[in-house]
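Student: I should like to take a close look at one part of this model, namely the way its chains meet one another. Could you begin with a single chain and then lead me through the contacts?

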Protein chains: 4
Amino acid sequence: MIIQLQQDISDAQKSVIIEKVNKLGYQTSEVTTQFAHYLIAVGKAEFDLRRIGHLTGIKDIHRVSDPYKLVSKKWRVYDTDIDLGEGVHINRSELSIIAGPCSIESPEQIDQTIAHLKANNIRLMRGGVFKPRSSPYAFRGIGLEGLKIFSEKCRAAGIKVVTEVMQVSQVEEMHDYVDIFQVGTRNAQNFNLLDELGKIDKAVMLKRGFSGTIEELLQAAEYVFSNGNEKIILCERGIRTFETAYRNTLDLNAVPILKEKSHLPVIVDPSHGVGLRNYVEPMALAAVMSGADGIIMEVHQCPEKALSDGQQTLNYHEAKTSYERLRQTYALKKSFNGV
Amino acid sequence: MIIQLQQDISDAQKSVIIEKVNKLGYQTSEVTTQFAHYLIAVGKAEFDLRRIGHLTGIKDIHRVSDPYKLVSKKWRVYDTDIDLGEGVHINRSELSIIAGPCSIESPEQIDQTIAHLKANNIRLMRGGVFKPRSSPYAFRGIGLEGLKIFSEKCRAAGIKVVTEVMQVSQVEEMHDYVDIFQVGTRNAQNFNLLDELGKIDKAVMLKRGFSGTIEELLQAAEYVFSNGNEKIILCERGIRTFETAYRNTLDLNAVPILKEKSHLPVIVDPSHGVGLRNYVEPMALAAVMSGADGIIMEVHQCPEKALSDGQQTLNYHEAKTSYERLRQTYALKKSFNGV
Amino acid sequence: MIIQLQQDISDAQKSVIIEKVNKLGYQTSEVTTQFAHYLIAVGKAEFDLRRIGHLTGIKDIHRVSDPYKLVSKKWRVYDTDIDLGEGVHINRSELSIIAGPCSIESPEQIDQTIAHLKANNIRLMRGGVFKPRSSPYAFRGIGLEGLKIFSEKCRAAGIKVVTEVMQVSQVEEMHDYVDIFQVGTRNAQNFNLLDELGKIDKAVMLKRGFSGTIEELLQAAEYVFSNGNEKIILCERGIRTFETAYRNTLDLNAVPILKEKSHLPVIVDPSHGVGLRNYVEPMALAAVMSGADGIIMEVHQCPEKALSDGQQTLNYHEAKTSYERLRQTYALKKSFNGV
Amino acid sequence: MIIQLQQDISDAQKSVIIEKVNKLGYQTSEVTTQFAHYLIAVGKAEFDLRRIGHLTGIKDIHRVSDPYKLVSKKWRVYDTDIDLGEGVHINRSELSIIAGPCSIESPEQIDQTIAHLKANNIRLMRGGVFKPRSSPYAFRGIGLEGLKIFSEKCRAAGIKVVTEVMQVSQVEEMHDYVDIFQVGTRNAQNFNLLDELGKIDKAVMLKRGFSGTIEELLQAAEYVFSNGNEKIILCERGIRTFETAYRNTLDLNAVPILKEKSHLPVIVDPSHGVGLRNYVEPMALAAVMSGADGIIMEVHQCPEKALSDGQQTLNYHEAKTSYERLRQTYALKKSFNGV
């Protein structure tokens, strides 16, 4: 049960509500986000909502039977819009394209990527500075100093920075240089990291665990929201199955389900999904037709020389064509669902 | 290695070729299909193709290193076109829509479905008369007599019959009433059935096993082709994974891969794939954008009353909208890849 | 619901029972096996069993809520014992070892294997004569003529023949030469084959599908039983997962579950399970400790030269040690569960 | 390649070696653990080891082609023995039993558990104080204060503390109260946490990710070792597959493989593995027969009232029988492999 509270509710009024709800057999958690104030009540007893609905300080009450509450579509009639400033939004009414290299490699590469993005009217750049690697002996990213340069150059160009955070202690040090904190598939259930990202006022993009269920992804989002941050983006990036013909099984089935279950925007990563360059574009187009609100793609000035993931990365020329097709596909999809 | 033989090759000429190829360390299998005559040579030694290329009776020679040979795109420059007669084709240059109920239930239902298909300009009707069921106590389909009525009504309406065959002995008895024999996911590696279907001159649609790899699907197709039947359609219909939010994980990643590896047309079944009505259309549209040459969908005059699979079946009204959107999506996809 | 009927029930008495049960809202199927006579009633209404329990001709009635009925342990108080003659049984009170090559290759090999088995006091020999192969160009077994020699030599030595049947038409032609018909993993849901094997009086060993659930395995067994054959052996042989370090994920978790859910004996195949020689013995021992009633293993006079599956096959010397350890392990396990 | 260095090597000698190895095309990482000093050299060129073997300061050199190096069995001839003090070891020559509740709930529960363990001659107690939970609204453990009581009581009783650490910042605060830091399945690729645990001198038990490969588990261990901590225990605890009849697919196939690939001790967790009480003992016994060096089990004074995981937890009476059987099984297994 989600009880939306009036913004100007007094502590005394709140206590009355909590006491009443507890007496009805529900445990309560208070949640205060950038935008609103909620009581989450978890319990099993059935009762008539009117028994509490009249209490002063309550704006609205909704039963939500899902295992996740605040990220559920059952209570919120409008979809989440994430305003990144300077006219850049991620939401369910326009197509977001996020592009860039797997790893940030050099200042020159940042410049080249920014030029490529601007030429294609893209406002969001991805690029890893802390890289999770299976082997401790592999390249682990250029780190915080690289992020500062990445950020400075993007800011100057009006481009937003999307990059992966790997641990709690990085949240603070990365904070001022990042627009969207990406949580990688291996951290999909790193609950301490999710808690921490719930305490800041920056957008968070949650990648589905490579063997995480759709419900677990939504519960991960609930961690962030219930800690106070409503700016959440869900990202499907492929799951692990028995098939070895490609890197991961990009699970587009998740897209219409996430769109129906939650009010959050849904992004798809075909680069890590199918993981082979030739199939990135068809899977990206398919993602849009399945209902994705955005695509995150790896592009590189010279994929053959990329320090990581070159085999799944498009060059600028290939990417340009794909962007156009993605936009045309999105326009057609939008025409189907009316205004 | 695939050696295409001249149609008018003499037995003596063929013997010379086989002997020579055997001497080079290759085992040979002769394959004669509706359309052509091949020698498949399997072996490991490397040699200069010119050592046999000059022999009389050889039309062309191709090395094919894939575990499947005749269905590989490595040797055939044109894509397979399956001509079902009366202007109905399944191929890579037009969108095929196959629709109909999970199970054929009654003559009235056949009439209603045919009327629905004709109103939507669809020429292929699906409908099961032999149903594979997990439990021996469940409805197993109306059988051969039902097929005869199904077939008669479709013939009268210029519509092609697509239905599942479950065992070798049915191939002959069903033969005259079927246009496309469907091999179900549970029979994906029923090699005797595949052998048998290779000996007839009817189209065969092979569903991927629910835990079959892409390579195994192509090898199943090789069974049919190598027995003499080139009229093969591949069908992705969802795989079994850990996710339980839907029926199967429709694996659209398979589509661009099958299109690249093979010259056969590729159909997608979103009804059994995602398996929930609300998600059938988005997954069908996504399938087309991933490169599918056709869609096979379950429609029913009243899905709530269907004898099987009602939860994944569209009603006629929903289906009509989906057909239109599928065609628009296909047109857009086709515009991307040029003529 | 399972209604056990008196063996001497009259048709009139049976009609009375069926009519009454139908009126209570249940559909009935009659099952007559080698040993008994049953009515299976499938329905949802709840009623007091005493409303039918008094009818003449009924021996016993049991509610069975499982999706499988006759193979469930919910109604049968004793475990199934399969008597193969000459003192060879498969049941839950002694360890069955089945050993032999993947494929029968030659008469000499049969002789060598029989000598090896007799030296180790083993009475069951496995060996494929019809081999399911992913590629149509691979060796498909020596066929029926080979089976005849295999059978003749085993009969002479007091050894029982265990071999795979692949299609309906083989059941009759193989019938006289086989003691246990094995249904392979690819045919785990070949319902026509299961139907057919239900009509004969020979033991049937059902391998779990490589992505079949435990419930599906039990439902496959229900097909055989409900067609009239109670002599069923369940076999766990590994499932398909994301792990590639071995051939299949031998799922020993299935063993205690199958033992609890069903009254049928449970055999484990570690050779196809883990699929690598070094790990066959530890997995076989583990299988026994998990509760397996038997082990089916691949042995070969010279695994390096085996026509198929050599990498997972033990030589006679390795096998001898394993048999002894299996027996010691079984004795210990049996001591745990009392008499 | 692993170059073991002399303990008393000088910096100058080390520089000579590093320079030489770099010149041969290899990148080097220095690793200093509690016990020894290594150079890990990663590269592709082939060369004669004698070209560096003569250099002063080198104790031994081994080629290790595995993607993990220091945890590989390819270079270390003896198996790892982890000495926890007071006569408690985890290694490959005795059976380790770790038992206790899922979550530490109260001081009384700790006392009861300790009494139970002592009565059964068990020296290792498990118990969670920080609990990873899918939902942010669920019980998250009693935290650090609870750990202090847990630790104090165990110390007094000569029992070692095994508990889960969830994030980097907890390592220091938990350090003095823990004997074995457990890394949970959701943190199996939390590389920052692995790095941190590599910097301390306490044992670390790594649970396999629920969809982690065997190779990824070994690479996680490599993270810990390469940061300086050799005291690593591997733990198989079940993987995620399509089967839903149990909680996880306990993958015993991993046990003999891990034992062959690595020199580290291998523990199995049947409680989280199969996840249903009735099957915990058979799977634990099977684990021992597959080669496990230890078992970690959930026991509770009253599983029906446990705050978490009650359905997979044994009561003291059941557990007592299981411990005895585990020990008998281990003795038999040990007799097989000789001294």
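Tutor: In this predicted model, chain A holds 11 helices and 14 strands. Chain A has a radius of gyration of 21 Å, close to the 20 Å that the globule rule gives for 339 residues, so chain A is as compact as a globular protein of that length. Measured out along its principal axes, the C-alpha trace of chain A spans about 65 × 45 × 40 Å. Of the 339 residues in this chain, 55% count as buried. Among the contacts in chain A with a separation of 6 or more, 67% join residues 24 or more positions apart.

Let us turn to the place where chain A meets chain D. Here 27 residues of chain A are in contact with 27 residues of chain D. On the side of chain A that touches chain D, the elements giving two or more residues are β3 (37-42), α5 (168-174), α6 (191-197) and α7 (214-226) of chain A. The largest share of that side, 5 residues, is supplied by α7(A). By character, the residues of this side divide into 11 nonpolar, 12 polar and 4 charged.

Chain D also meets chain C. This contact takes 33 residues from chain D and 33 residues from chain C. On the side of chain D that touches chain C, two or more residues come from each of α7 (214-226), α8 (254-261), α10 (277-290) and α11 (316-337) of chain D. Of these elements, α10(D) gives the most, with 8 residues. The residues on this side of chain D comprise 18 nonpolar, 10 polar and 5 charged.

How, then, are chains D and C arranged with respect to each other? In general, two copies of a chain are related by a rotation about an axis and a shift along it. For this pair, a turn of 180° and a shift of 0.0 Å along the axis lay chain D on chain C with an RMSD of 0.0 Å. The two copies are therefore related as by a two-fold rotation axis. Which residue of chain D comes closest to the rotation axis? That residue is D:A286, whose C-alpha lies at 2.0 Å from the axis. The same surface serves both copies, for 100% of the contact residues of chain D recur in chain C.

Conventions:
Residues numbered from 1 in each chain as written. Chains lettered and ligands numbered in written order. Predicted model: local features only at pLDDT ≥ 70, side-chain atom pairs only at ≥ 80, totals over all residues. Contact = placed C-beta atoms within 7 Å. Helix = DSSP H or I, 4+ residues; strand = E, 2+ residues; numbered from the N terminus. Nonpolar A, V, L, I, M, F, W, Y, C, P; charged D, E, K, R; others polar. Rg over C-alpha atoms; globule rule 2.2 N^0.38 Å. Buried ≥ 20, exposed ≤ 12 C-beta atoms within 10 Å, placed from the backbone. Least-squares fit on C-alpha atoms with pLDDT ≥ 70 in both.
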